[in-house]
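This report walks through one model, element by element. Keep the coordinates open while reading.

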Amino acid sequence: MASSQKSPATAAGPNVEEAARGSGGPRRLAERWRTLPMLPRHLIAACAAMIAVIALTSITDPGANLRLASIGFYMLAIAGLGILIGFSGQVSLGHGAFMFIGAYSTALFVIHMPMLPLWLNLALAVVISCLAGLIIGVVCARLHGPYLAGATLALAVAMPALANRFSDFLGGPNGLSFVMRGTPPALSDMVSNTQWQAWVVWLTVLIVLVFLANLSHGRLGRQMRAVRDDETAAALSGIRVARVKVTAFVVSAGCGGLAGALQAYLLKTATPSTFAVALSLSLLAVLVLGGLGSLWGALWGAIAMVYVEEWGDSLAHALTLDTNVANNLPHVLYGVLLIALVLTWPSGVQGILRQLGNALRSRGHSGNGTTSVPSTQQGK
Amino acid sequence: MTPSLTDHLLTADGVTVRFGGLVALKDVHITVPPGSVVGLIGPNGAGKTTLFNVLSGLITPDTGTISSKGHRLSGLRPYHLANHGISRTLQGLNLFPGMTVLDNVMTGGERLAKTGLFTMLTGLGRFERDERALRGRAMAVLDELGIAHVAGAYPSTLAYGVQKRVALARALVNEPELLMLDEPAGGLSSEELAELATRIRDLRERMSVLLIEHHMDLVMDVCDHIVVLNFGAVISEGPPDVVRNDPAVTAAYLGSAEESDDE
């Protein structure tokens, strides 16, 4: 849940850090961290991440703030997809459709009901995407593997087409553009618009990530993994398999929808081309790249999502490539990265980091204990 | 000594199952009284596992009823079973490969978990208390079976005999009144077999057991009552001594031995 900050101090949270100076050491600190109840542990991690985001935005330029915020909403979308695929074992190729629903809901609310406060707008976008997830989850509950993937792929193809079909209402290929309030007037001297936006995005994302972390470490996460691994044994244990699968769909749709809503808030537009099939496929690719079965994996995936595009563009510039080639370079990079990683390290970036962490720890507790925050207990 | 039928933990009455033209079960009656160990035996393909699947809601019978403690379980689904205080192990173990042994066993304790969706998302309220209680119970069961030391391991890293005990632990953590075991002795060493016999006798103090087993010594040793299936029909039943000396049983086993002798 914490941010990209990997220094031990920030990951463990400031108050814990102070305690460390007084007594014990990193090892004892790690011990205390692990015995903390789950909720405070996740809240502390989220607070630490928020502080890290605020600190980061204070030293970066507006472009970097925007990228940081993009990492935030992509992380949310990828984490939601991770719940669906990594936990409940349902492979969806249509996650972008829920981002589409969230983004267009937010856009329509801003345009038609401008008096709604932002939080209510976002909450409504979540409710609408959850409903969509419920419907699709119920319809798909009996589909497995490639059939489910095919059905959700159809969803990813169909959704953006809606914008063209109902172009009066949804704006056609140009989508919807609108105005969003930026930094509140009282703070406008100190906080730039992009800083404020990054904070709003990350605050929202971190709140939801706390929910997801709770979910994945508790009974619901266990039910989902049981359903993923063996439906018969799960049912015989008393788990309502279909209900758990639908729940996973609803949770994942809600996350996707909120991510789309935040994207709309950030870009002040919702266009169909943003949510093309390529988005859904990229989300799946970076999820695997980051590592399934852990929220940290979603962070690495989100960073890849934002920066592979960046690097692709700069590489194309540096090589002065034709625009047709340049546009497809990020996809090529994804492909190469994914193939290389799946061949060498199927558990993704998070898998590599966990193994490194375990290796370091077993070599005599050399003081990095506090970084092993919540993902250590994950399945897979 | 003989409890009334309404106390019986699980009763199948007149159960018939057809797979296409094949009659897998033919008007089968079986019942498990409280505090008893009932054995279900028969040659391969006799319909033992099919009957287990009917009793646990995995297969809906064409005719016949399933009841528990005098209540008819119509529309029985597998996830209802746990709520009736019935646990079942599967012949293929079906452990959750992506979960640790502890998580496997905790999943078996679903019946005892009460947390709702709100609690599971927010981690508030009874979340922590319930998780700790369930983890404690799961560890206690693992300890009872002598495998607490593998709680953090993944099933595929364990020996087969240990995996079987994990599957048993997953069924026991629910504190069932009836435990259904599908070939608990299959693939075990002779030491493990002796241990299993002792364990089943111990479990009998706390619950009833219904088991499918090919290992005759074990069945004759631990069962109070034995039901013999052949070609989907009950051909004999009674206490071990009666069944052992029933010519129909001998004929069924010898007859089938000529055709298939896998186990």
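A residue counts as buried if 20 or more other C-beta atoms lie within 10 Å of its own, with C-beta atoms placed from the backbone. The model is predicted.

**A buried helix in chain B**

Start with helix α3(B), residues 101-108. Its buried residues are Val101(B), Leu102(B), Asp103(B), Asn104(B), Val105(B), Met106(B), Thr107(B) and Gly108(B). That is eight of the eight residues, so the helix is largely enclosed by the rest of the structure. What do the buried residues of α3(B) pack against? They pack against α11 of chain A, and also against α5 (127-144) and α6 (160-172) of chain B.

**The contact between the chains**

Chain A brings 25 residues to the contact, and chain B brings 31. On the side of chain A that touches chain B, four elements give two or more residues: α4 (38-59), α10 (193-217), α11 (219-229) and α12 (231-236). Of these, α11(A) gives the most, with seven residues. By class, this side of chain A holds 11 nonpolar, six polar and eight charged residues.

**The sheet of chain B**

Chain B also has an open sheet of six strands. The strand order is β6-β7-β8-β3-β9-β10, and the pairing is mixed. Strands β6 (86-88) and β10 (233-238) of chain B stand at the edges; each has a single partner strand, so one side of each is left without a neighbour in the sheet. Neighbouring strands are turned by 15° against each other on average, direction ignored.

Strands β3(B), residues 37-41, and β8(B), residues 208-212, run parallel and are joined by four bridges. Within this pair, Gly39(B) stands opposite Leu211(B) in β8(B). Helix α1(B), residues 48-55, packs on the sheet. It touches β3, β7 (178-182), β8 and β9 (225-230) of chain B. The direction of α1(B) makes about 145° with that of β7(B).

**Annotated spans in chain A**

For chain A, an unreviewed UniProt entry lists residues 42-60, 66-86, 93-112, 118-140, 147-166, 196-215, 275-308 and 332-353 under "transmembrane region". Two of the spans are set out below.

| Span (chain A) | Helix | Strand | Distance between end C-alpha atoms |
|---|---|---|---|
| Residues 42-60 | 95% helix | 0% strand | 27 Å |
| Residues 93-112 | 90% helix | 0% strand | 31 Å |

Key. Residues numbered from 1 in each chain as written. Chains lettered and ligands numbered in written order. Predicted model: local features only at pLDDT ≥ 70, side-chain atom pairs only at ≥ 80, totals over all residues. Pairing = 2+ DSSP bridges. Axes fitted to C-alpha atoms, helices over the stretch in contact; angles between N-to-C directions. Contact = placed C-beta atoms within 7 Å. Nonpolar A, V, L, I, M, F, W, Y, C, P; charged D, E, K, R; others polar. Buried ≥ 20, exposed ≤ 12 C-beta atoms within 10 Å, placed from the backbone. UniProt positions renumbered as here; feature names shortened; annotations may be inferred.
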